[in-house]
Amino acid sequence: MYNDYKWFMIHTYSGYEKKVSENITIAAKNNKLDDQIAAACVPVVLVEKKKVKSSERKKKTAKNEFILVKEEIKDEYIVLTEEEKKKKAEEDAKKYEYVYEESILMPSYVCVKIAIIEDPEKKKLITDEAWQLIRYMRGVTGFVGPNSQPTPLSDKEVERLKLESYVPAAEGEEAAPEVEIIVKVDFEVGDLVTIKGGIFDGFSGTVESIDLEHKEVCITIFYMGRNTPTTVSLDSVEKV
């Protein structure tokens, strides 16, 4: 019986995250190592996206799925008045609706909670059996750490990723409350947005990248006679 557990991160091939997580859980149970490998998970966020209402679509897919909206903006630096913004919002409410989609927080990574062993020489933190089961799992490229050695995540990282919410409840115990991390995003890379607040308040620019993990967006704005990239929080911009 193990008393001390730590969270570790492993790197996987792109697109293998959920399959690796599921296979680790199954293999640990089948090999009677579930007392050493307590949980494996892929941290996710719920992303709010604006999509066309089914009644407004010109074409319907076979599965009646939503179609993402991509608006073309000819003038890169159009700034709408408050009245124009209100009118546009009313028009959008008739055409679009907001839906939530699950998105992987850290693509190509899986988090695993593993039992820590007592080793006076500190040569290893986990058992050889646990290391081999995880390391040689199909889709896994290695542990995250110096020289690919298993390195525990800090308590701060565990809390930020809400990892304990992914641990299955033991028999007779109450399950941990499900944690929903919701990130509202109604724009995409290439869209024109306006910054609200800060030193660049009122500046408009083009979205270059979106970082859901840190809830930040990189925007290129025209500043001091040249295009300048700047990073701001997701909730400090709005789509034009």
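**View 1. An open sheet of four strands, in the order β2-β5-β1-β6.** In this predicted model, the strands of the sheet pair in antiparallel fashion. The edges are taken by β2 (37-41) and β6 (140-143), each of which has a single partner strand, so one side of each is left without a neighbour in the sheet. Averaged over neighbouring strands and with direction ignored, the turn of one strand against the next is 30 degrees. In general, the strands of a sheet pair through backbone hydrogen bonds, either parallel or antiparallel.

**View 2. The pairing of β2 with β5.** Strand β5 covers residues 109-115 and runs antiparallel to β2, with four bridges joining the two. One bridge can be picked out by its residues: Ile37 has Ile114 in β5 as its bridge partner.

**View 3. Helices α1 and α3 against the sheet.** Helix α3 (residues 128-135) packs on the sheet and touches β1, β2, β5 and β6. The direction of α3 makes about 145 degrees with that of β6. Helix α1, formed by residues 17-30, lies across β1 (5-12), β2, β5 and β6. Relative to β2, α1 runs at about 165 degrees.

**View 4. The largest nonpolar core, with 26 residues.** The members that touch the most other members are Trp7, Cys111, Leu163, Phe187, Val217, Ile219 and Val237. Two or more residues of this core come from each of β1, β2, β3 (44-52), β8 (192-195) and β10 (216-223). Strand β10 gives the most, with three residues. As a general tendency in soluble globular proteins, nonpolar side chains are buried together.

**View 5. The surroundings of Ile219.** With neighbours within four places in sequence left aside, the contacts of Ile219 include Val193, Ile195 and Gly205. Thr206, Glu208 and Thr228 are also in contact with Ile219, as are Pro229, Thr230, Val232 and Val237. Two of these names return to the core of View 4: Ile219 and Val237 are both listed among the residues that touch the most other members.

**View 6. Another core, of 21 residues, apart from the largest one.** Among the residues of this core are Ile116, Ile126, Ala130 and Met137.

**View 7. The whole chain, for orientation.** The chain holds four helices and 12 strands. Of its 240 residues, 36% are buried. Among contacts with a separation of 6 or more, 67% are between residues 24 or more positions apart. The accessible surface of the chain is about 15500 Å², and carbon and sulfur atoms account for 49% of this area.

Methods. Residues numbered from 1 in each chain as written. Predicted model: local features only at pLDDT ≥ 70, side-chain atom pairs only at ≥ 80, totals over all residues. Heavy atoms only, no water. Pairing = 2+ DSSP bridges. Axes fitted to C-alpha atoms, helices over the stretch in contact; angles between N-to-C directions. Contact = heavy atoms within 4.5 Å. Buried < 20%, exposed > 50% of the residue type's maximum accessible area, 1.4 Å probe, protein only. Areas by Shrake-Rupley, 256 points an atom, 1.4 Å probe, with all protein chains shown as cover. Core = buried A, V, L, I, M, F, W, Y, C linked by side-chain atoms within 4.5 Å.
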